[in-house]
Amino acid sequence: MDLRDDNSDDMATNSSLDGQMPRKIRFQYEDEDQDETVDEAITESSNLDDDLQMCDIDESMIGGDKTSADYYFDSYSHFGIHEEMLKDMVRTKTYQNVIYKNSFLFKDKVVLDVGAGTGILSLFCAKAGAKHVYAIECSHMADMAQEIVKTNGFSDVITVLKGKVEEIELPITQVDVIVSEWMGYFLLFENMLNTVLYARDKWLVNGGVVLPDKASLYLTAIEDADYKDDKIEFWNNVYGFNMSCIKKQAMMEPLVDTVDQNQIVTNCQLLKTMDISKMTPGDASFTAPFKLVAERDDYIHAFVAYFDVSFTKCHKLMGFSTGPKSRATHWKQTVLYLEDVLTICEGEALVGNMTVAQNKKNPRDVDIMVKYSLNGRRCVVSRTQYYKMR
């Protein structure tokens, strides 16, 4: 099977990437027995759900009269997105464990919570002994966070500030710790990372701690014939009509969905690791090579990207993965469909590079370019594809 396109890009150089193969990191949360113990302890000690029921709900505080058009600009004002994040046990319990089990990082410290949402991380920090917590939230959820803080008796410890981090002035000049859950789909979607870096450069004391402090992006390839037919090829014939112009757009938009680990055809390749305590905003735009080696004879329909985050300042390494072989999170995985169906044999390598950059018109969006090539026994292809996360 020859898929060579005379007008396509030249074959990508097959560089040696053996040194970039990811190592499996066993995070603390993966200990099943320990998780059961933590579950029980958290259930007994947390009364947040009960307290929330006591809040006097004012629709104006949560945007009761908002329309879907308003939510495009202020989606985090609606409680539904916060409910999804809070119910993501991998996410929320990891942060809770990091804070409760490493109280030495927070005891008598001044903490800044960037993008506080409902204030859950601020509440964790206050309960762990923080001297004071400044919780910055730009959406109308800041009003609800203020009420939640009051209801739970932490008004003297937690100050909720409503507004953009870049526009707010804190009543102090420095903080000891910055905590934030800034990660978006594909790690970088919504570009909240730059806001964390801004806060770090403006307020974090020398030697201060940013949590989490490491984030890594990975790439693999999958067989996904059935779903690609349903989501992409569907547009070729819609009740007898050709709507393939929509297919082109569908191909450019990465799909956020849960991938079955049995679909994975190749190894997983580390693309980029970011040190949040040291990186600059420009480091979030990058080009990284990859070499994906087939682990069996199969077809490849898509690339899949996912990320890990780590808290390396803890007594023990803690963190979580959003990969298809780990417990599911609300981030799921990011699927980038290929124009070609690649036939690959065990041991053959799909090589290329991925370029990731902020969209110039809307920096919250992400532009992705993938150059890939396969020179196999049954398939020869070289192509460049562009994706836009919107």
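**Salt bridges, an open sheet and a small set of cavities**

In this predicted model, Arg-390 and Asp-367 form a salt bridge, with their closest N and O atoms 3.2 Å apart. The contact ties together distant parts of the chain: Arg-390 sits in the segment after E15, while Asp-367 belongs to strand E14, and 23 residues separate the two. Arg-390 comes out as partly exposed, at 46% relative accessibility. Asp-367 also has a place in the strand pairing, where it stands opposite Lys-388 in E15. The two strands involved, E14 (residues 366–375) and E15, run antiparallel and are joined by 10 bridges.

That pairing is part of a bigger picture. Strands E9, E13, E14 and E15 make up an open sheet of 4 strands in the order E9-E13-E14-E15, with antiparallel pairing. At its edges stand E9 (286–293) and E15 (380–389); each has a single partner strand, so one side of each is left without a neighbour in the sheet. On average, and ignoring direction, neighbouring strands here are turned by 15° against each other. As a general point, strands of a sheet pair through backbone hydrogen bonds, in either a parallel or an antiparallel fashion.

Back to the charged side chains: the count of salt bridges comes to 13. One of them pairs Arg-364 with Glu-190, whose closest N and O atoms are 3.7 Å apart. This one spans 174 residues, from Glu-190 in the loop between strand E4 (175–180) and helix H8 (193–203) to Arg-364 in the loop between strand E13 (349–358) and E14. How accessible is Arg-364? Its relative accessible area is 40%, so Arg-364 falls in the partly exposed class. Glu-190 is partly exposed as well, with a relative accessibility of 22%.

Glu-348 and Arg-377 also meet through their side chains in a salt bridge, at 3.7 Å from N to O. Here, too, distant parts of the chain are linked: Glu-348 lies in the loop between strand E12 (333–344) and E13, Arg-377 lies in the loop between E14 and E15, and the pair is 29 residues apart. The burial of the two partners is a contrast: Glu-348 is buried, with a relative accessible area of 9%, whereas Arg-377 counts as exposed at 65%. Elsewhere, a network of salt bridges links Glu-339, Asp-340 and Arg-383.

Next, the empty space inside. There are 3 cavities of 30 Å³ or more, and the second largest has a volume of about 50 Å³. Which residues line this second largest cavity? The lining consists of Leu-188, Asn-191, Ala-284, Ser-285, Val-356, Ala-357, Gln-358 and Val-366. E13 gives the most to the lining, with 3 residues. By residue class, the lining divides into 5 nonpolar and 3 polar residues, with no charged ones.

Finally, a hairpin. E10 connects to E11 through 6 residues, and the two strands, E10 (residues 298–311) and E11, run antiparallel with 4 bridges between them. Within this pair, Phe-311 stands opposite Met-318 in E11. Along strand E11 (residues 318–321), Met-318 and Phe-320 point one way and Gly-319 and Ser-321 the other. Are these residues of E11 buried or exposed? All of them are buried, whichever way they point.

Definitions and conventions
Residues are numbered from 1 along each chain as its sequence is written. This is a predicted model: local features need pLDDT of at least 70, side-chain atom pairs count only at pLDDT 80 or more; totals for chains, interfaces and linings use all residues. Side-chain values use heavy atoms; hydrogens and water are left out. Two strands pair if DSSP finds at least two bridges between them. Axes are lines fitted to C-alpha atoms, for helices over the stretch in contact, and angles run from 0 to 180 degrees between N-to-C directions. A salt bridge is a side-chain nitrogen of Lys or Arg within 4 Å of a carboxyl oxygen of Asp or Glu. Buried means under 20% relative accessible area, exposed over 50%, partly exposed in between (1.4 Å probe, protein chains only). On a 1 Å grid over the protein atoms alone, a cavity is a set of points where a 1.4 Å probe fits but cannot get out, and a pocket is an open set with protein on both sides within 12 Å along at least five of seven lines; lining residues have an atom within 4 Å of a point. Grid points are joined across faces, edges and corners, and a volume is the space filled by probe spheres set on the points. Ala, Val, Leu, Ile, Met, Phe, Trp, Tyr, Cys and Pro count as nonpolar, Asp, Glu, Lys and Arg as charged, and the others, Gly among them, as polar.
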